[in-house]
Every structure is written in structure tokens, then in C-alpha cells.
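Visitor: Before we start, I would like each label you use to be justified. Please show me the structure, and then I will ask.

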Amino acid sequence: MDYPNRFDVIVIGGGHAGTEAALSAARMGCQTLLLTHNIETLGQMSCNPAIGGIGKSHLVKEIDALGGAMGEATDRAGIQFRTLNARKGPAVRATRAQADRVLYKAAIREMLENQPNLTLFQQAADDLIVDGDEAKGVVTQTGIRFHASSVVLTTGTFLGGVIHLGMQNHSGGRAGDPSTIGLAERLRELPFNVGRLKTGTPPRIDGKTVDFSVMEEQWGDDPTPIMSFMGDRSQHPEQMCCFITRTTERTHDIIRGGLDRSPMFAGDIEGIGPRYCPSIEDKVHRFADKNSHQIFVEPEGLNTHELYPNGISTSLPFDVQLEAVRSIPGFENAHVTRPGYAIEYDFLNPQDLRHTLETKFIHNLWFAGQINGTTGYEEAGAQGLLAGINAARRAQGQDGWYPRRDEAYLGVLVDDLITMGTKEPYRMFTSRAEYRLILREDNADLRLTETGRKLGLVDDRRWQRFNEKREGIATERQRLDTTKVRPASEQAQVANRYLKSPMKDALSLSDLLRRPEIGYDQVAEIGGERAGDDTVAGQVEIQIKYEGYISRQEAEIDRLRRNEDLPLPVDLDYDAVGGLSNEITQKLKEVRPETVAQASRIQGVTPAAISQLLIHLKKRD
Ligand code: FAD
């Protein structure tokens with residue numbers, strides 16, 4: 001049957017990409033349908049119950065600045081919050097939260113159910129309605145036909161999913177859920193390039209059978225860091241402790257003894273796994289000289305005893321898993337509640353996508369999340385948001401939108417995916433961003449809220465609070481710039497307590513803050529006044545302390561942008577350009593781009609390479 005209502009946007013899949021996509025399209029005023037296997041699993045964390053971490057919290061805060069759900073759900077579900085790299089520079093500082101799975105799902109579900117313009121429907125999508133090269137809707141498993149202007153596909157690890165546990169395997173989208181077969185076959189018929197990837201998860205353990213006394217305790221930070229710009233500490237549930245233990249030589253012997261029954265080593269799995277999140281059998285095999293690996297023992301929630309042993313993802317047979325687990329200090333009598341497993345699934349080469357995540361071959365069809373070869377909730381959520389925005393804009397007859405690499409990690413993520421593609425599950429790192437001093441997690445709100453407002457994603461409450469903060473920063477910066485401390489004054493005496501050498505000349509509070517030995521707290525003490533809001537104080541401190549580096553990066557971005565139309569001579573000797581990799585030199589020689597902009601669009605040609613090219617051109621002139 002044809003469903004009587006026509007939608008502007010249909011989103012298939014209610015994982016992290018799908019929920020952000022549906023929420024953003026609906027928030028922008030589009031009649032949106034979220035079609036998913038099971039309404040009970042909306043926002044489900046398939047693997048580790050944690051959000052954020054290095055590179056990933058940057059994405060969460062960007063999703064949040066664009067009005068998305070992940071940050072807010074994390075504040076409502078986080079049972080342990082920490083700032084990682086707290087002693088390092090602000091570019092690599094990151095917030096990580098351990099989440100209660102049930103609370104996280106409940107928060108996402110509540111947001112979805114209360115979102116105007118959003119309709120939920122539970123059923124598997126089996127086919128796409130495609131007319132020529134245009135997507136026009138979706139057909140479900142029981143033949144219901146939903147029609148829409150835009151379709152967003154976010155099926156995660158479910159396409160052609162096969163679960164491996166030892167030498168046994170069966171079809172599945174993740175433990176307990178069916179895989180998506182019909183749609184996977186349909187996509188293989190369309191002109192997409194389909195590949196296989198794999199990921200894995202550890203066995204879960206009953207905390208009642210664990211001896212925590214032999215493990216190291218790890219508490220979160222106090223006060224707890226906050227994930228969302230709109231969040232506050234009063235939303236945080238009761239906080240819990242994590243623990244640390246380690247594998248032993250015996251664990252490694254047991255694992256080595258089981259490798260002949262490992263689907264990975266026996267060649268049953270063809271898909272490539274995440275390089276930075278390898279299985280324990282992979283770690284034992286690859287790092288044979290290491291006799292121990294760390295395991296973070298993380299609670300799955302407030303109302304469950306189940307634990308997530310982070311670091312021992314495995315697809316070894318269950319008997320080997322159990323013996324290996326019981327060789328770990330504290331787990332001697334452990335009961336495994338769920339075996340670990342690996343899953344292999346189809347992904348679509350993201351080089352078949354545009355920057356908006358619309359497919360190149362089928363118009364009005366967008367792909368987002370793990371289907372594009374990424375791994376992680378945050379990478380999925382960020383893509384979902386972008387695809388949802390563009391699906392909505394198309395339905396409303398507007399042009400596409402995407403951020404540049406110098407504006408957001410989301411820009412880096414999408415640009416990396418569509419220009420370079422991926423051969424292994426792609427995860428975000430701060431090292432992937434050329435301009436990481438500008439793309440900090442602490443300024444995601446300043447970078448993106450205004451854009452979010454223009455796109456129709458930021459509500460009045462957030463907009464007002466954002467403007468208050470922005471004005472607060474401007475006022476505080478002006479106060480620090482204009483408040484002078486004279487050498488003989490009482491304020492100078494306070495300053496001299498902290499300065500390496502006593503003040504000789506009059507200095508502004510900003511000058512003092514630039515000194516490495518002085519932080520915002522000292523400046524507040526010297527001046528006898530501080531900003532009312534700690535986030536304003538923190539932002540002002542970073543902006544002033546890193547001003548030099550930040551303006552250098554801004555100048556570089558400016559230079560690149562200004563030079564985009566610069567012609568490249570046809571006879572340019574690319575071998576003579578310093579600092580280029582052989583691969584990039586080769587590509588430039590093959591393509592011989594006409595302009596700098598064209599060069600920058602060649603797959604694999606990085607902004608750093610463009611910078612080298614500009615230096616060379618300048619020298620040549
Ligand atoms: P998913 O969260 O998988 O959501 C897909 C959604 O689509 C589901 O709701 C599903 O029911 C629905 N769906 C699928 N097909 C259809 C259909 N035909 N019709 C209707 N609905 C459909 N990430 C890490 O960062 N680190 C890890 O160590 C890690 N390990 C993992 C281990 C396992 C076993 C699994 C399964 C995942 C793991 N992940 C890991 C990945 C993480 O779960 C994903 O990156 C993230 O969930 C992807 O989000 P998504 O929205 O793209 O897809």
C-alpha cells in the first residue's frame with residue numbers, strides 16, 4: 001500500500017546518525033519520517049557505553065552547537081565525566097563521558113517523541129523507490145510505500161551483517177538484531193561501490209562475580225565536565241567508579257592457543273577492522289613483545305551489574321573467551337553475560353558522495369554514519385546531522401551546506417571521506433585537522449552556533465544564552481585589555497608574587513595573562529574582579545594565551561582561501577616543490593591542475609601540500 005501522507009524527508013535507521021538526521025530535518029520544519037527496525041532500540045549504543053574522547057568530543061560539541069542531541073543526551077546519561085589531556089594544550093583537550101545505556105537511549109527517545117514534525121515508524125526498509133536517477137521513497141518489509149522528496153540512509157553495521165563467534169557465524173545487524181539483506185542487495189544493484197568492513201565487541205561481565213579489590217580505581221573529575229552548551233551539572237546522574245586491570249602472560253598464552261579457531265586468523269573474515277581499536281587476539285599477535293595490555297572496566301549503567309571490559313574485544317570461540325577472561329586479575333570467577341563477537345558488514349565507498357553526503361549517482365539520496373566506512377557514535381551522529389540538514393534544504397528548494405576543513409571537525413571528516421575514501425573503519429583524531437588550534441572543543445559553540453541559527457537549527461533559548469556568552473567574552477576581553485597595572489601599585493604587588501621577575505613597566509591585565517606563569521585565576525586576583533561565568537573566563541584565557549598561534553593559523557587559512565583562483569603553470573615542475581609526498585607529487589603530475597582550487601580537490605592532496613605549493617610558486621616568481 002501507499003502510505004497516505006507524503007513526507008519531505010525519510011530517514012532510514014534509528015541509530016546515532018539516523019536520530020540526528022531526523023531531528024535536524026524536523027527542526028528545520030520538514031515533515032520527517034524516521035523509519036527503523038525497532039523503536040525500542042532508538043539511540044542504542046551497540047558497543048561501548050561512552051561518548052566523547054579525543055577528537056570525538058570535538059564532534060559532539062559541534063553537533064551540539066548545531067542544535068543536535070548527542071551532547072544533551074550525554075549530560076542526562078553520563079555516569080562518569082573526565083577531561084582528557086587536561087594538562088596539554090587546549091587543541092587536544094577532550095571531554096569523555098561513560099554513559100548509562102538505558103538513560104542515554106531514554107534521553108534520545110524522549111527528544112524524538114517530543115520533536116514537532118517528526119513521525120516514527122517501526123519496520124525494516126527493504127527497498128528504495130528510485131525513478132531514473134532520483135530517490136523518491138522507501139518500501140518496507142511488508143510492502144508499505146512511503147514517499148518523500150529526500151531519503152537519508154543510516155543503516156550502520158546492518159547491511160549484509162554477519163556475526164562471527166569462533167568458527168560459527170550467522171546473519172545479524174548486531175547481537176539480537178536482524179541484518180538488512182534486501183536493501184543490501186538493492187544497493188549492490190545500483191551503481192555504488194560496496195566493500196566489507198568489520199568491527200568487534202568484548203564479552204560483558206557480571207559485576208557480582210568480580211573482585212574489584214585487586215583493581216585500580218578510576219573516578220571521574222570533580223566538578224564534572226559538562227558536554228552540552230545547554231547542559232548543567234544538576235542533570236548529571238549519580239557518578240560511578242571505573243576500574244583498571246590488565247591481561248597476564250597466561251591470558252596471552254590462552255589467546256595464542258585459540259588462534260587456530262579465530263575467524264580472523266582462519267580467514268573467515270574478509271572485512272578490515274578498526275586499526276585503533278584492534279581485538280585482543282590482534283594485539284597479542286601483533287605486539288608479541290608486550291606481556292600485558294590494560295583493560296578499563298567500565299560500568300554499563302546505574303541499575304545493572306553488567307560491566308564493559310574495554311580493551312578485550314574478541315571473536316575467539318566462547319570457551320577461549322571465558323578462559324582468557326578468568327586469567328585476568330579480578331576476573332578469576334567472572335561470569336560472562338554476553339560473549340564478545342565480531343561483525344562484518346557492507347559499507348559504501350564514500351568517494352561516491354558529495355560534500356553534502358548526497359550520493360553522486362542517485363539524487364535526493366544521502367548516506368550517513370557507519371554505512372560510509374566510519375566507526376563511532378560521534379562520527380555517525382555528525383554525518384547524520386549534516387545529511388539531515390541537506391535533505392531538509394533540498395526538500396525546501398535550497399542549496400546544500402557543509403562546513404570547510406577550517407571551520408569544523410565535521411568539515412574534516414566529510415572532506416577526508418569523500419576525497420580519500422577509506423579502506424578501514426575511519427575514526428576521528430585531532431591529528432586529522434590541520435587547523436586544530438582553531439577547531440577546539442571549547443570554542444565549537446563560537447564557531448558554529450551562528451551558522452546553526454541561520455540554518456534553522458538553534459532555538460531561541462540557546463541563541464539567547466549564546467549571545468550572552470559571546471557578549472560576555474567581548475566585555476571581559478575589553479576589560480583585561482584596558483585595565484592597566486602600574487609598577488608601584490597594590491595590584492602590582494599581587495602580580496609580583498606570581499611573576500618570575502618584578503614588574504618594571506605598566507602592563508594591562510591581558511599582557512599579564514600572556515605570561516606563562518600567570519593564569520586567569522591570578523589575573524582575577526590581581527584585578528580584584530572576575531567574569532561571572534566560568535566558561536567566559538576559560539575562553540578568554542585560551543584566546544589571549546594562544547593569540548599568536550591562533551592568528552598565525554587564521555592568516556594561513558586566509559592565504560589559502562585568497563589563493564584558490566591562482567593559476568598553476570602547465571609546465572610546473574612538481575618534483576621541485578619541497579615537502580610533497582611522492583604520492584601527491586605523482587597525482588599532481590598526472591592531473592596537472594589549472595588552479596590551486598582544482599589542485600586542492602584532487603583526492604589525497606592535503607591543505608599542507610597546497611601550502612607547500614604556494615610557497616614554491618612565490619619563490620618561483
Ligand atoms: P547504528 O548505530 O548501527 O544504527 C543503525 C540503525 O539502523 C539501527 O537502529 C538499525 O535498527 C537500523 N536499521 C538498519 N537497517 C535497517 C532497515 N533496513 N530498515 C530500518 N532500520 C534499519 N564504535 C566504536 O567507536 N568503537 C568500537 O569499538 C565499536 N565496536 C563496535 C562493535 C560492534 C559489535 C558494533 C555492532 C558496533 C561497534 N562500533 C564501535 C560502532 C558503533 O556502534 C557505530 O559506529 C555506531 O553505532 C554507528 O551509528 P550508525 O547510526 O551509523 O548505525
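Visitor: Which residues come nearest to the ligand?
Guide: This is a predicted model. In it, 38 residues surround the ligand, and Gly-13, Gly-15, Gly-156, Gly-369 and Ala-380 come nearest. A residue is placed in this shell if its C-beta atom lies within 6 Å of the molecule.

Visitor: What makes up the shell by residue class, nonpolar, polar and charged?
Guide: The shell holds 12 nonpolar, 24 polar and 2 charged residues. Gly is counted as polar here, so Gly-13, Gly-15, Gly-156 and Gly-369 fall in the polar class. Ala is counted as nonpolar, so Ala-380 falls in that class.

Visitor: Which helices and strands supply at least two residues each to the shell?
Guide: Helices H1 and H9 (377-395) do, and so do strands E2 and E12 (194-201).

Visitor: Where does UniProt place the feature "binding site"?
Guide: The unreviewed UniProt entry places it at Gly-13, Gly-14, Gly-15, His-16, Ala-17 and Gly-18. Such an annotation may be inferred rather than shown by experiment.

Visitor: Why is Gly-14 called buried?
Guide: The cut-off is 20 or more other C-beta atoms within 10 Å. Gly-14 has 28, so it counts as buried. Gly-14 sits in the loop between E1 and H1. Beyond four places in sequence, its contacts are Thr-19, Leu-34, Thr-36, Thr-41 and Leu-42.

Visitor: Why does Ala-17 count as buried?
Guide: Ala-17 has 35 C-beta neighbours inside 10 Å and therefore counts as buried. It belongs to helix H1. With residues up to four places away set aside, Ala-17 is in contact with Thr-154, Ala-368, Gly-369, Ala-380, Gly-381, Gln-383 and Gly-384.

Visitor: Why is strand E2 described as largely enclosed?
Guide: Strand E2 covers residues 32-36, and 5 of the 5 are buried, so the rest of the structure largely encloses it. Thr-32, Leu-34 and Thr-36 point one way, while Leu-33 and Leu-35 point the other way, and all are buried.

Visitor: What makes E1 and E2 a pair?
Guide: Two strands pair if there are at least two bridges between them. Strand E1 (residues 7-12) and E2 have 4 bridges, in the parallel sense, so they meet the criterion. In one of these bridges, Val-9 has Thr-32 of E2 as its partner.

Visitor: How many bridges join E2 to strand E6?
Guide: There are 5, and E2 and E6 (residues 118-122) run parallel. Leu-33 has Thr-119 in E6 as its bridge partner.

Visitor: Which unit do E1, helix H1 and E2 make?
Guide: Together with H1 (residues 16-27), the strands E1 and E2 make a right-handed β-α-β unit. The term right-handed means that, with the strands pointing away from the viewer, the path from the first strand over the helix to the second runs clockwise.

Visitor: Why is helix H2 said to be largely enclosed?
Guide: In H2 (residues 56-65), 10 of the 10 residues are buried, so the rest of the structure largely encloses it. Among them are Lys-56, Lys-61, Glu-62 and Asp-64. Gly-67, which follows H2, has a positive phi near 80 degrees.

Visitor: Why is Leu-417 buried?
Guide: Leu-417 has 22 other C-beta atoms within 10 Å, so it is buried. It is placed in helix H10 (residues 409-420). Its contacts beyond four places in sequence are Pro-350, Asn-372, Gly-373, Thr-422 and Tyr-426.

Conventions: Residues numbered from 1 in each chain as written. Predicted model: local features only at pLDDT ≥ 70, side-chain atom pairs only at ≥ 80, totals over all residues. Buried ≥ 20, exposed ≤ 12 C-beta atoms within 10 Å, placed from the backbone. Contact = placed C-beta atoms within 7 Å.
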